[in-house]
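Colleague: I should be grateful for a close look at the aromatic rings of this model. Please describe how they pair and where the partners lie.

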Amino acid sequence: MNRRLPLERKASSIDQTILSPGTVSINVKGAFIVDDDPSRPSTPSDDGAQHDTDIRLPNHDAVVSHVALDIGGSLAKLVYFSHEPNSKDLGGRLNFLKFETDRIDRCLDFVKGLQDEFRRQNGSRTGSMSIMATGGGAYKFYNDMKRFLGIKVLREDEMDCLIMGLDFFITEIPREVFTYSDDDPMHFQQPRANIYPYLLVNIGSGVSMIKVSGRRQFERIGGTSLGGGTLWGLLSLLTGARTFDEMLKMAEAGDNTAVDMLVGDIYGADYNKIGLKSTAIASSFGKVFKMKREGENQAEDHGGLSHENREDDNDASNSQPSFKKEDISRSLLYAISNNIGQIAYLQSEKHTLAHIYFGGSFIRGHRQTIQTLAYAINFWSQGAKKAYFLRHEGYLGSVGAFLKRQPRNWGRRNSFEEYPAGRPTVVQQEEEEDVADRGP
């Protein structure tokens, strides 16, 4: 993970690169996103890892002895630091990878490789590396991680990590946050310090909506169970697709008007009085029942299908309209995205929040999803509210967990100054787990 550095530089760099109490000593000066990196595969590698764009940190040279994992219901997102391969330049990069949670063994194999590389490069005992873990899987797979890797696993609150990760991206990383419009699909926002209050809509398997009022001042104000897991589950039943990326590709090629009922299908034109264009969706999948009924009626008229006798499956299937899986995929993607967008607007209106950030692995930089969410916020708020998106939208939790780690005994009071009262620090967690591991 890290190229060897002189001992005096290792010690001094800890003091030189601290940004603020309670965070890992990461120097983000000059940070930028690495675009068009030929060394990164565009498709999942043999170990199941899907690589996303890295963030280059040209001025960070301290040893980083931890990795971060956010393990959700569908995906495990990994963040780790490495120095530049085959280079004498200072600095390094944050690496971003994801694995399917169903194959968490592949993720742990990858971390095992990082662990071995860290020990080789730094001449350090295995136990000096640790995992900062968050998400439900931090608890579900806790014993598996400790047993397989033999290193410390420090669990962090999921919501806390999400907010810390998002704050980091908004305030520190150029060309990370953007807004969407048809004329300017990716209009980047400059990093800024004055960011509160805002609404975070985190879309994973389900959806959580979090009001953020200040640093570590947040509350979950709502959500919905209709999220990425819903799309994944229904499309696997309806289309036979096996991966989420496959489903998104089908949606790109689909035509939702083949299955959705539009305003124009009902009124024959725009409904100008209430501001609805003829192309607006009046009912998701609304044409399906009508078209199936019409197919059945035609079959009955020609003797191919009767109410009394439906035993001939071939005749029945031939009489039914054919719905393409691509059209089904696009319709369902729009249905779920529109639903999330409208609920997000209602929550922002209720809590007087003008800035709405969408995160989570459901989005994946997919243009149709981003377009639908942005349109929903703009339409319902009549342009009064802004929808923001991120290039690393799926890694908010893992980046937040990564930033939780700080050097032992660092700081003016050797503690996390900003932790809520009664909340254990990372150091306290380590000491408690050391006692538990040794036993009575």
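Modeller: This is a predicted model. A suitable starting point is Phe96 and Tyr395, both of which are buried. Their rings form an edge-to-face aromatic pair, with 5.1 Å centre to centre and 75° between the planes. The two residues belong to distant parts of the chain, 299 residues apart. Phe96 is in strand E5 (residues 92-100), whereas Tyr395 is in the loop between strand E16 (386-390) and helix H13 (396-404).

A second pair has another arrangement: Tyr357 and Tyr388 are stacked, with 4.8 Å centre to centre and 20° between the planes. The angle of 20° counts as stacked because it is under the cut-off of 30 degrees. Tyr357 lies in strand E15 (residues 355-359) and Tyr388 in strand E16, so this pair ties together parts that are 31 residues apart in sequence. Tyr357 has a relative accessible area of 1% and is therefore buried. Tyr388, at 7% relative accessibility, also counts as buried, because the limit for this class is under 20%.

Rings may also be joined into a group. Phe178, Phe188, Phe358 and Phe389 are linked by ring pairs into a cluster. In total, the count comes to 15 aromatic pairs.

Finally, a ring may have a charged group as its neighbour. The charged end of Arg155 sits over the ring of Tyr142, at 3.7 Å from the ring centre.

Conventions:
Residues are numbered from 1 along each chain as its sequence is written. This is a predicted model: local features need pLDDT of at least 70, side-chain atom pairs count only at pLDDT 80 or more; totals for chains, interfaces and linings use all residues. Side-chain values use heavy atoms; hydrogens and water are left out. Rings of Phe, Tyr and Trp (its six-membered ring) pair if their centres lie within 6.5 Å; planes under 30 degrees apart count as stacked, over 60 as edge-to-face and the rest as tilted. Helices (H or I, at least four residues) and strands (E, at least two) are DSSP runs, numbered from the N terminus. Buried means under 20% relative accessible area, exposed over 50%, partly exposed in between (1.4 Å probe, protein chains only). A charge sits over a ring if NZ of Lys or CZ of Arg is within 6 Å of the ring centre and within 35 degrees of the ring normal.
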